[in-house]
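Visitor: I am new to protein structures and would love a close look at one part of this one. Could you take your time over it?

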Amino acid sequence: MDHTAHHAGAAHEHGTHDTHSGHGGHEGHHGGPAGASWAMAAKATLHCLTGCAIGEILGMVIGTALMWGNVQTMILAIGLAFVFGYSFTLFAVRRAGLDLKSAIKVALAADTVSIAVMELVDNAIIALTPGAMDAHLSEGLFWYALLGGFAVAFVITTPVNKWMIGRGKGHAVVHAYH
């Protein structure tokens, strides 16, 4: 946002405008990153969770269909969670006009920590839920553990994203391309 005219005078009169409410998530008005709201952090986390969930469920379905073991299926599911998580950001910043190399850098910077925390928490819950690793896709235990893991991962990852966005990192990197 261009504030050249706003700062043109020697005196800086704050009484001439009401609030800075439209600036959330962008560089701070007076230098430094702006603070992140919980709503902004939740939206960023939901964005990551959507990609992670698609990739992870697809990985579980593929691994099960191929009759792979738990370890191989989990590796595939985690890998696809990262691929789909990154792809959501990648497509958004490409649509905003960024070249592929720059878009990849933005996606990696925006999503790596968020996806990693989410996958660590989600997969730990699945692994620690008795019987979940051996449950089939048709069993409620599999889905309860998976969806419960996603819910806990969302709760744990949201404050991480809030902290990162507030420091100009993570999903804050993407805001320049909206």
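Visitor: Which cysteine sulfur is the closest to the sulfur of Cys52, and how far away is it?

Guide: Happy to help! Before we start, please keep in mind that this is a predicted model, where local features need pLDDT of at least 70, side-chain atom pairs count only at pLDDT 80 or more, and totals for chains, interfaces and linings use all residues. Residues are numbered from 1 along each chain as its sequence is written, and side-chain values use heavy atoms, with hydrogens and water left out.

Now to your cysteine. The closest cysteine sulfur to that of Cys52 belongs to Cys48, at 5.7 Å, which is too far for a bond. A disulfide is a pair of cysteine sulfur atoms within 2.5 Å. Searching the whole structure for disulfides gives zero. Cys52 is buried, with a relative accessible area of 0%, and Cys48 is buried with a value of 0% as well. Here, buried means under 20% relative accessible area, exposed means over 50%, and partly exposed is in between (1.4 Å probe, protein chains only).

From Cys48 we can step across to His171. His171 touches Cys48, and its other contacts include Ala44, His47, Ser114 and Ile165, leaving aside residues up to four places away in sequence. A contact means heavy atoms within 4.5 Å. His171 sits in the segment after α4 (140-166), and it counts as buried because its relative accessibility is 6%. The side chain of His171 also makes a polar contact of 3.1 Å with the side chain of Asp111. Such a contact is a pair of N or O atoms within 3.5 Å; within protein, one must be able to donate a hydrogen and the other to accept it, and residues adjacent in sequence count only if both atoms are side-chain atoms.

Let us step back to the whole protein. Its secondary structure comes to four helices and zero strands. Both are DSSP runs numbered from the N terminus: helices are H or I with at least four residues, strands are E with at least two. Of the 178 residues, 37% count as buried. Among contacts between residues at least 6 apart in sequence, 64% join residues at least 24 apart. For one look at sequence against space, take Val71 and Met133: they are 62 residues apart in sequence, while their C-alpha atoms are 9.4 Å apart. Val71 lies in helix α2 and counts as exposed, because its relative accessibility is 57%.

Finally, look at the rings. There are two aromatic pairs in the structure. In the pair of Phe82 and Tyr86, the ring centres are 5.9 Å apart and the planes are at 50°, so this pair is tilted. Rings of Phe, Tyr and Trp (its six-membered ring) pair if their centres lie within 6.5 Å; planes under 30 degrees apart count as stacked, over 60 as edge-to-face and the rest as tilted. Phe82 and Tyr86 both belong to helix α2 (residues 70-95), four residues apart, about one turn of the helix. Phe142 and Trp143 form an edge-to-face pair, 4.9 Å from centre to centre with 90° between the planes. Phe142 is buried at 7% relative accessibility, whereas Trp143 is partly exposed at 28%.
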